[in-house]
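User: Could you take a close look at the surroundings of one bound molecule, and then follow the chain outward from there, explaining each term as you go?

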Amino acid sequence: MEKLTYTHDAAAAAVIASVYPDAPPMAYVHSFGCQQNVNDGEKIRGVLQDVGFGLTDTLEQADLILFNTCAVREHAEQRVFGNVGALKQLKEKNPKLVIGVCGCMAQQPHIVEKLRRSYPYVDLVFGVDGIDRLPAMLAERFRRGKRYLEEPRARNAVVEDLPIRRDSGFRAWLPIMYGCDNFCTYCIVPYVRGRERSREPADILAEFRGLVAAGYKEITLLGQNVNSYGKGLAAPIDFADLLNLLCAVPGDYQIRFMTSHPKDASRKLIDTIAAQAHLCKHIHLPVQSGSDRLLKQMNRRYTAAQYRELIDYARAKIPGVTFSSDIIVGFPGETEEDFQATLDLVESVGYMQLFTFIYSKREGTPAAKMDDPTPRAEKTARMERLLAVQEKYSHAAVAALVGQTVRVLVEAAGRTPGTVNGRLDNNLVVEFPADESLIGQWAQVKLTAARAAMLVGTLA
Ligand code: SAH
Ligand code: SF4
Ligand code: F3S
């Protein structure tokens, strides 16, 4: 693996400046998909600013529109094509407008081909490894006066020191690794994000220190499988070691992380969560299915019993710990019996939040070749049954918290005027009357009532 360092591209900046002699060009950047992609979008904005762009949230004001895309499900891809399609008129009105598509979708040859053939007004296409080369690609697009579409390629590298323009001044994303080597049979991520690469602990620590010094209160460590952090690095270090290293930094912050793969979640990790006050007592531990037969078909490499043991161990070691999970409904060949095993597991674990997805066929993955005889209507019906089980548990669990006083990080204005939303350690949201100047601060809140999956409270 190669480690690269971003450097300012003065030649590209000069080309860009010559194309827009009157005023700095404005860029509109929108990211779809997971937090990793959102963090990439923040870096894209940082790089664009570094070569002279201003930023805008208004499509009509933009000289450059860039969609940073997600390929995880068909629906995600359709949304992007819908959004890109809607830009055709803007381009007709303003032929100088540059339209770009990047990220996970652009990492698939058939998507690049579709953009080339059916979306002639898309000028710029590059994959997940293009962020540091974006200034050079833009300069190339302007110099040649022609579309610049990059064929998907994988680069086994980690790029450090990318400029970044963060969306928030108090919550930050911090990637600790890139890519995925797990090849769950339904999943496109390993194909579009490439092989697993961990960042050097010193680079992570430096970024982390910078965030704490800048006053960030919540730092979320990112990776497709944070529990395999450290593989391939020169110095021996695992994810729990990394957490201990970061928690030694003094400051007033909390740490979250995602995603933990159950096959690599160690007792050492759980002991670390129990021991470190900076770590939120909430674990996102996607199980996908409760059926051992399907878990095997999915290549998840754990059984439902092993998963339950892990949950039991965490409950025994971490008082008040809560869990969330991802579930796929309607994986190819899922029988009523398989689905029942998922319902049983969800019911017995009791998740604070459940993120549920109907299986989406991804071209090029092993599951795409599996028989999938279950009708769509049956999958939808199963999804509804699952949601009913989840709601019954989560509503009761949320209601059981009423009466407690908790510390929350105030994140945003609430839906009711005069209120704000704060997030509890367990990821639940509480709405309470307070001034918006509290956003970005800690607050002690007494929980007074529950509204479905949300809490209501008052400042304590
Ligand atoms: N690395 C994370 C997941 C990243 S993708 C992990 O292993 O947990 C986020 C979620 O999308 C997955 O947990 C899975 O539930 C869902 N997902 C991935 N591929 C999917 C597909 N083809 N169809 C439906 N859901 C999918
Ligand atoms: Fe996809 Fe599995 Fe990797 Fe998660 S661990 S990104 S589900 S292949
Ligand atoms: Fe989507 Fe790519 Fe993330 S496929 S879920 S944006 S890694």
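The answer below begins with the residues around ligand 2 and then moves on to other places in the model.

Analyst: Before the details, please keep in mind that this is a predicted model, in which local features need pLDDT of at least 70 and side-chain atom pairs count only at pLDDT 80 or more, while totals for chains, interfaces and linings use all residues, and side-chain values use heavy atoms, with hydrogens and water left out. Residues are numbered from 1 along each chain as its sequence is written, and chains are lettered from A and ligands numbered from 1 in the order in which they are written.

Ligand 2 is surrounded by C180, N182, F183, C184, Y186, C187, V189, P190, Q224, H261 and R300, where a residue is near a molecule if one of its heavy atoms lies within 4 Å of it. Sorted by class, this shell holds seven nonpolar, three polar and one charged residue; here Ala, Val, Leu, Ile, Met, Phe, Trp, Tyr, Cys and Pro count as nonpolar, Asp, Glu, Lys and Arg as charged, and the others, Gly among them, as polar. Two of the cysteines can be described further: C180 has a relative accessible area of 9% and C184 has one of 7%, so both count as buried (buried means under 20% relative accessible area, exposed over 50%, and partly exposed in between, using a 1.4 Å probe and protein chains only). The count of disulfides in the model is zero, a disulfide being a pair of cysteine sulfur atoms within 2.5 Å.

Q224 belongs to the shell of ligand 2 and also to that of ligand 3, which is made up of C34, N37, C70, A71, V72, C104, R193 and Q224. The shell around ligand 3 divides into five nonpolar, two polar and one charged residue.

R300, one of the residues around ligand 2, leads on to P262, which touches R300 as well as L285, P286, Y302, Y307 and L310 once its neighbours within four places in sequence are set aside (contact means heavy atoms within 4.5 Å). P262 lies in the loop between β13 (254–258) and α10 (267–275); such helices (H or I, at least four residues) and strands (E, at least two) are DSSP runs, numbered from the N terminus. With a relative accessibility of 8%, P262 counts as buried, and its C-alpha atom is 17 Å from that of E196, although 66 residues separate the two along the chain.

The loop between β13 and α10 also contains T259, and the peptide bond from M258 to T259 is cis, with omega near 5°. Most residues other than glycine have a negative phi, and most peptide bonds are trans. Against that background, Q288 has a positive phi of about 70° although it is not a glycine. Q288 sits in the loop between β14 (282–284) and α11 (292–297), and its relative accessible area of 7% is the reason why it counts as buried. D161 is likewise not a glycine and has a positive phi of about 65°, but this residue, in the loop between β8 (157–160) and β9 (171–175), counts as exposed because its relative accessibility is 56%.

A last stop is a pair of helices. Two packed helices are described by the angle between their axes and the distance between the axes. Helix α8 (residues 201–213) packs against helix α9 (residues 239–247) at an angle of about 35°, and their axes are 10 Å apart; axes are lines fitted to C-alpha atoms, for helices over the stretch in contact, and angles run from 0 to 180 degrees between N-to-C directions. The crossing of α8 and α9 is right-handed, meaning that the near helix is turned clockwise from the far one by less than a right angle, whereas anticlockwise would make it left-handed. In this contact, α8 contributes P201, I204, L205 and F208, and α9 contributes L242, L245 and L246. By class, these residues are seven nonpolar, no polar and no charged.
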